[in-house]
Amino acid sequence: MFLTLIMSMMIFLITMIMMLISTLISKKTFMDREKCSPFECGFDPMNYSRLPFSLRFFLIAIIFLIFDVEIALILPMILIIKSSNLMNWMLTSLIFIFILLIGLYHEWNQGALEWNN
């Protein structure tokens with residue numbers, strides 16, 4: 001009983017010493033302005049915050065979210081193919097993909113996918 005207590009205390013002490021040594025060794029001493037500031041998508045957070053920026057960033061993010069959610073809705077359709085009527089599943093899948101393609105064509109036609117404007 002006494003031996004297990006001593007062994008557990010020694011293991012605990014060795015672990016604490018190792019964590020202290022690794023913290024001291026890995027401590028970064030070089031502090032840079034860019035390294036200490038948060039990353040804000042390529043914008044300098046130390047400047048005036050009301051500077052106008054391109055709305056393309058916002059538009060691309062919204063388009064990504066829309067199509068990402070749509071893909072998350074399409075993937076479970078593969079799992080329910082065996083438990084549903086094949087004709088209803090095929091019709092639902094085709095309508096869903098057709099709506100996605102119409103949305104993609106509309107974004108392409110409006111020029112939202114062209115970055116070099």
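This section describes the helices, the burial of residues and selected contacts in a predicted model of a single protein chain.

The chain contains 4 helices and 0 strands, and along the sequence the elements follow the pattern α-α-α-α. The mean pLDDT of the protein chain is 81, with 74% of the residues at 70 or more. Confidence is unevenly distributed among the helices: helix α1, residues 2-25, has the highest mean, 91, whereas helix α2, residues 33-36, has the lowest, 65.

Of the 117 residues in the chain, 8% count as buried. The exposed surface of the chain amounts to about 11,000 Å², of which carbon and sulfur atoms supply 75%. When contacts are restricted to residues at least 6 apart in sequence, 50% of them join residues at least 24 apart.

The unreviewed UniProt entry lists residues 6-25, 57-80 and 86-105 under "transmembrane region". In the model, the span 6-25 is 100% helix and 0% strand, and its end C-alpha atoms lie 28 Å apart. For residues 57-80 the helix content is 96% and the strand content 0%, with 36 Å between the end C-alpha atoms.

Helix α3 covers residues 56-79 and therefore has 24 residues; its C-alpha span from first to last is 36 Å, close to the 34 Å expected at 1.5 Å a residue. Helix α4, residues 86-110, has 25 residues and also a span of 36 Å, close to the expected value of 36 Å. Following α4 is G111, which has a positive phi near 85 degrees.

Helices α3 and α4 are in contact through their buried residues. In α3 the buried residues are R56, I63 and M77, and the buried residues of this helix pack against α4. On the other side of the contact, W89, S93 and L100 are buried in α4, and the buried residues of α4 pack against α3.

Residue I74 gives a local view of this pairing. I74 lies in helix α3 and has a relative accessible area of 22%; I74 is classed as partly exposed because buried residues fall under 20% and exposed residues over 50%. With residues up to four places away in sequence left out, I74 touches F96, I97 and L100. One of these partners, L100, is among the buried residues of α4. The C-alpha atom of I74 is also 7.8 Å from that of S93, a residue 19 positions away along the chain. S93 is likewise listed as buried in α4.

The structure holds 1 aromatic pair. The pair is formed by Y105 and W108, with 6.4 Å from centre to centre and 80 degrees between the planes. The geometry is classed as edge-to-face because the angle between the planes is over 60 degrees. Both residues lie in helix α4, where a separation of 3 residues corresponds to about one turn of the helix. Y105 has a relative accessible area of 51% and is therefore exposed, the cut-off being over 50%. W108, at 54%, is exposed by that cut-off. W89, in contrast, is one of the buried residues of α4.

How values were computed:
Residues numbered from 1 in each chain as written. Predicted model: local features only at pLDDT ≥ 70, side-chain atom pairs only at ≥ 80, totals over all residues. Heavy atoms only, no water. Helix = DSSP H or I, 4+ residues; strand = E, 2+ residues; numbered from the N terminus. Buried < 20%, exposed > 50% of the residue type's maximum accessible area, 1.4 Å probe, protein only. Contact = heavy atoms within 4.5 Å. UniProt positions renumbered as here; feature names shortened; annotations may be inferred. pLDDT = per-residue confidence, 0-100. Phe/Tyr/Trp six-rings, centres within 6.5 Å; stacked < 30°, edge-to-face > 60°. Areas by Shrake-Rupley, 256 points an atom, 1.4 Å probe, with all protein chains shown as cover.
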